[in-house]
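Subject: The structure for you to look at

Hi,

Here is the structure I promised to pass on. Have it open while you read, and my notes on what I found follow below.

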Amino acid sequence: MDQLRAMRVFTRVIDEGSFAGAARAMNLAPAVVTRLVAELEEHLKARLLHRTTRSLTLTEIGEAYLERARRILAEVDEAELLTQSATTEVRGHLRVLCPPALAVHQIARHLPKFHQRYPQVYLELTSPGPIEDIDENHDITIFWKRELLDGDFIARRLARSEVVLVASPEYLDARGRPQVPQDLKHHATLVPPSVELLREMPLQRGDPNNPEIVNLPIAPQRAALATSHLDTNYAAALHGLGIAGLPSFVCEEALLEHALERVLPQWRMQSFTLWAAMPTRKYVPARTRAFLDFLVEIFGGEDKDPWLVAAGCETCD
C-alpha cells in the first residue's frame, strides 16, 4: 500500500464530503478511492469513518488521525517543493480565509490586479463569517483584532481601521445632525446585538493613548436594528434606517460618493488592526509570499487607516 497516497485520498474524502466527490476531484475511479481508504484502515487497524448511504462522519480516532495526516502531508509537500527548481515560480493553489465584509468591500476589487500579475495562481477565498484566529487549514488567514497578537504563527500588519459613525444624508436631513454625543439619544441606531453595546455606546476622541471617553447610555428600544452582520448594517444605513457604527474599510466608497456621511467626525467608537497570518513553517511557497506582499502593498502595512484618508476624513493619527 502507498500510505501517503492513501492519506491524501482520505483527507480529500473529508474535504469533499464523499467518496464520489473525492474521486472526481482527484480524477480517480470511485472504487479506487474506496479501496485506498479501506486499505488505510486495515493498515492502521482502526475505523476512521462511519459510513451510511446518506452520510459520512469521522470516528473519534479518525478526527485525531486527520489532524496529524494533514500536518504530515503538508511537510511532505514542502519537502518536495524545496527540491524543485520551480519553487521560485509563483503558481499553484492558494487557500485564503477572510471575513466576508473585508472580502466584499476590499479584497475582491484588488483581485484582478493580483491575477494579472500572477495568472498561474488559483486563489480559493473562503468567507464563512467572523474570524477570531488563524486557521491552519488555510495558507493565509486575514482577520482583525484590537489587542496584540499572540500565537505560533507568522503575521504581517495590513492596516488599522477605525469604527466610525455614519448615516445617509437623507436620514440626517430628516432627523438632524448630532452635534455632541448626547444627541445620539434621540436617533435610531444600528448596533451589534450585544447586551453591553445595547446598554452603552463608548465614544472617544483625541489622543488614542489618552483619549477623552464618553460612555453613552442607549435604550434598547431606540436601536432600529441589532445585527452582527456588517453588510446588513451597511445596507440599512445606506437606505436611511439610522446611524451605524461601521469599519472604515466598509464605508469608504459610500463616504467618497456621499451616499453616507460621517456623524460626529471628531469621535470614534474603536479601532482595530487588520492582519494577514500564516502557520509557522520552515518553507513558505512563493505564491503565499506573493499574496502576503500584495496585501501589504495595497493596504499600506502601517498602523494607519488608509480608508478614511482616501475618503478625505479625519483620523485618529
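Val166 in strand E6 pairs with Arg262, its bridge partner in E12. Strands E6 and E12 (residues 261-262) run antiparallel and are joined by two bridges. Helices (H or I, at least four residues) and strands (E, at least two) are DSSP runs, numbered from the N terminus, and two strands pair if DSSP finds at least two bridges between them.

Before you go further: this is a predicted model, where local features need pLDDT of at least 70 and side-chain atom pairs count only at pLDDT 80 or more, while totals for chains, interfaces and linings use all residues. Residues are numbered from 1 along each chain as its sequence is written, and side-chain values use heavy atoms, with hydrogens and water left out.

Back to E6. What else does E6 pair with? Strand E13 (residues 270-279) runs antiparallel to E6, with 10 bridges between them, and Arg157 has Trp275 as its bridge partner in E13. Strand E11 is antiparallel to E6 (residues 153-167) too, over four bridges, and there Leu165 stands opposite Gly245. E6 is largely enclosed by the rest of the structure, because 11 of its 15 residues are buried. Buried means under 20% relative accessible area, exposed means over 50%, and partly exposed is in between (1.4 Å probe, protein chains only).

Now follow E11 (residues 243-247), where five of five residues are buried. In a regular strand the side chains alternate between the two faces of the sheet. Which residues of E11 sit on each side? Ile243, Gly245 and Pro247 are on one side, Ala244 and Leu246 are on the other, and all are buried. E11 also pairs with strand E7 (residues 189-191), this time in the parallel sense over two bridges; Thr189 is matched with Ile243 there. You can also find Met201, which is in strand E8 (residues 200-205). Met201 is buried, with a relative accessible area of 4%, and its C-alpha is 9.9 Å from that of Gly245, although the two are 44 residues apart along the chain.

On to the inside. The largest nonpolar core has 62 residues, and Ile142, Leu165, Leu184 and Leu260 touch the most other members. Helix H10 (residues 286-299) gives the most to this core, with eight residues. There is also a second, separate core of 18 residues, which includes Met7, Phe10, Phe19 and Leu73. By nonpolar core I mean a set of buried Ala, Val, Leu, Ile, Met, Phe, Trp, Tyr and Cys residues joined through side-chain atoms within 4.5 Å.

Take Ile142 as an example: leaving aside neighbours within four places in sequence, its contacts include Val96, Leu102, Ile107, Leu158, Trp275 and Leu295. Contact here means heavy atoms within 4.5 Å.

Ile107 comes up again in helix H5, which bends by about 50° at that residue. The bend is the angle between axes fitted to the seven residues ending there and the seven starting there. H5 (residues 100-117) has 18 residues and reaches 24 Å from its first C-alpha to its last, close to the 26 Å expected at 1.5 Å a residue (the expected span is 1.5 Å times one less than the number of residues). Among its buried residues are Leu102, His105, Ile107, His110 and Phe114.

Closer to the start of the chain, Ile14 is found in helix H1 (residues 3-16). Buried or exposed? Ile14 is partly exposed, with a relative accessible area of 23%. Not counting residues up to four places away in sequence, Ile14 touches Leu49, Leu58, Leu66 and Arg70.

Two loop residues are worth a click. Most residues other than glycine have a negative phi. Lys45, however, has a positive phi near 55°; Lys45 is in the loop between helix H3 (30-44) and strand E1 (49-51) and is exposed, at 66% relative accessible area. His258 has a positive phi as well, near 65°, lies in the loop between helix H9 (248-256) and E12, and is exposed at 62%.

Finally, the overall picture: the protein chain has 11 helices and 13 strands, and 42% of its 317 residues count as buried.

Cheers
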